[in-house]
Amino acid sequence: MQGRIHSIESFGSVDGPGTRFIIFVQGCNMRCLYCHNVDTWDCHKGQLRSTDDLLDQAERYRPYWGPEGGITVSGGEPLLQIDFLLELFQKAKARGIHTCIDTAGQPFTRKEPFFSKFRQLMEVTDILLLDVKHIDLEAHKKLTGWGNENILDLFRYLSDIHKPIWVRQVLVPGYTDNPASLQRTREFLDTLTNVQRVEVLPYHNMGLYKWEELGIPNQLKDVEPPTEEQVDAARKILRAV
């Protein structure tokens, strides 16, 4: 089976445990205002790569992974290519490779046929990295173009099956740094059983040039990254690392 792949990172150190081979897939339905991979949005672009080809490439770097490393599939949105992802991870586990998905959760649904495939996928997934774009529904829609009801349902489902997750909150001044909203996020996370760690990721504008090259207006072009004090305050509320 082939998937649409945007790019590869051979020695990832921040997208899951240990050192990781990161596969960035092509395609995403969300339109996050702070996206730094806007060039992954188009579902029809990217290079077609087979699951075996990718795993063969990944295993060339296996000596550097250490006891915790493995592969992470990021994006774009990996769950948009769930059939490809399922085959990739089934073959990865057959090779004894640790597996991680970095997802925003937008495609998640308990409707069929997606849900049965997702349950199979979870059997061969070791850990997930999940974003909290915004805890409030209307703010989430303004920030991403989508609601968050099904995304919060994904969090609950993963808690129910005790699948380990790392939670990430991108901190954008004026958009996601409201203390009351962050507190509600923390209260939601406290209802879950499977949160291994929470991270605050400071917004940066290093991907702005991609918006400009693609001719897409960027509403955050004048927003400055958060200060250390703002990041520390968010970490304190979220009890983040």
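This report walks through the sheet, two of its helices, a buried isoleucine and the largest pocket of a predicted model.

## The sheet

Let's start with the overall layout. Eight strands make up an open sheet, and reading across it gives the order β3-β1-β2-β4-β5-β6-β7-β8, with mixed pairing. At the edges sit β3 (47-50) and β8 (195-202); each has a single partner strand, so one side of each has no neighbour in the sheet. Going from one strand to the next, the twist averages 30°.

Both senses of pairing turn up if you follow the strands from β1 to β5. Strand β1 (residues 2-12) and strand β2 (residues 20-25) are antiparallel partners, held in register by five bridges. Two of the residue pairs to look for there are E9 opposite I22 of β2 and S7, whose bridge partner in β2 is F24. On its way to β4, β2 switches sense: these two strands run parallel and are joined by five bridges. F24 shows up here too, standing opposite S74 in β4. Next along, β4 and β5 also run parallel, with three bridges between them, and T72 stands opposite C100 in β5.

## Two covered strands

How many of the six residues of β2 are buried? Six of the six are, so β2 is largely enclosed by the rest of the structure. Neither face is left open: R20, I22 and F24 are buried on one side, and F21, I23 and V25 are buried on the other.

β5 is mostly covered as well, with five of its five residues buried. T99, I101 and T103 point one way, C100 and D102 point the other way, and all of them are buried.

## Helices on the sheet

Two helices are worth picking out. Helix α2 (residues 82-94) lies across a run of strands: β1, β2, β3, β4 (70-74) and β5 (99-103). Relative to β5, helix α2 runs at about 155°.

Helix α8 (residues 228-238) also packs on the sheet, where it touches β7 (165-171) and β8. The direction of α8 makes about 160° with that of β8.

## A closer look at I101

I101 belongs to strand β5. Is I101 buried or exposed? With a relative accessible area of 0%, it counts as buried, and its list of contacts gives a feel for the surroundings. Leaving out residues up to four places away in sequence, I101 touches V73, P78, L85, F89, L121, M122, T125, I127, L128 and L129.

For a sense of distance, try E213: it is 112 residues from I101 along the chain, and the two C-alpha atoms are separated by 28 Å.

## The largest pocket

Rolling a probe the size of a water molecule over the atoms shows where empty space is left. The largest pocket found in this model has a volume of about 800 Å³. It is lined by 31 residues, and those closest to its centre are H36, D102, D131, R168 and L201. D102 is also one of the buried residues of β5.

Which strands each supply at least two residues of the lining? They are β5, β7 and β8, and β8 gives the most, with three residues. As for chemistry, the lining is a mix of 14 nonpolar, eight polar and nine charged residues.

Notes. Residues numbered from 1 in each chain as written. Predicted model: local features only at pLDDT ≥ 70, side-chain atom pairs only at ≥ 80, totals over all residues. Heavy atoms only, no water. Pairing = 2+ DSSP bridges. Helix = DSSP H or I, 4+ residues; strand = E, 2+ residues; numbered from the N terminus. Axes fitted to C-alpha atoms, helices over the stretch in contact; angles between N-to-C directions. Contact = heavy atoms within 4.5 Å. 1 Å grid on protein atoms, 1.4 Å probe; cavity = no way out; pocket = protein on both sides within 12 Å on 5 of 7 lines; lining within 4 Å. Points joined across faces, edges and corners; volume = space filled by probe spheres on them. Nonpolar A, V, L, I, M, F, W, Y, C, P; charged D, E, K, R; others polar. Buried < 20%, exposed > 50% of the residue type's maximum accessible area, 1.4 Å probe, protein only.
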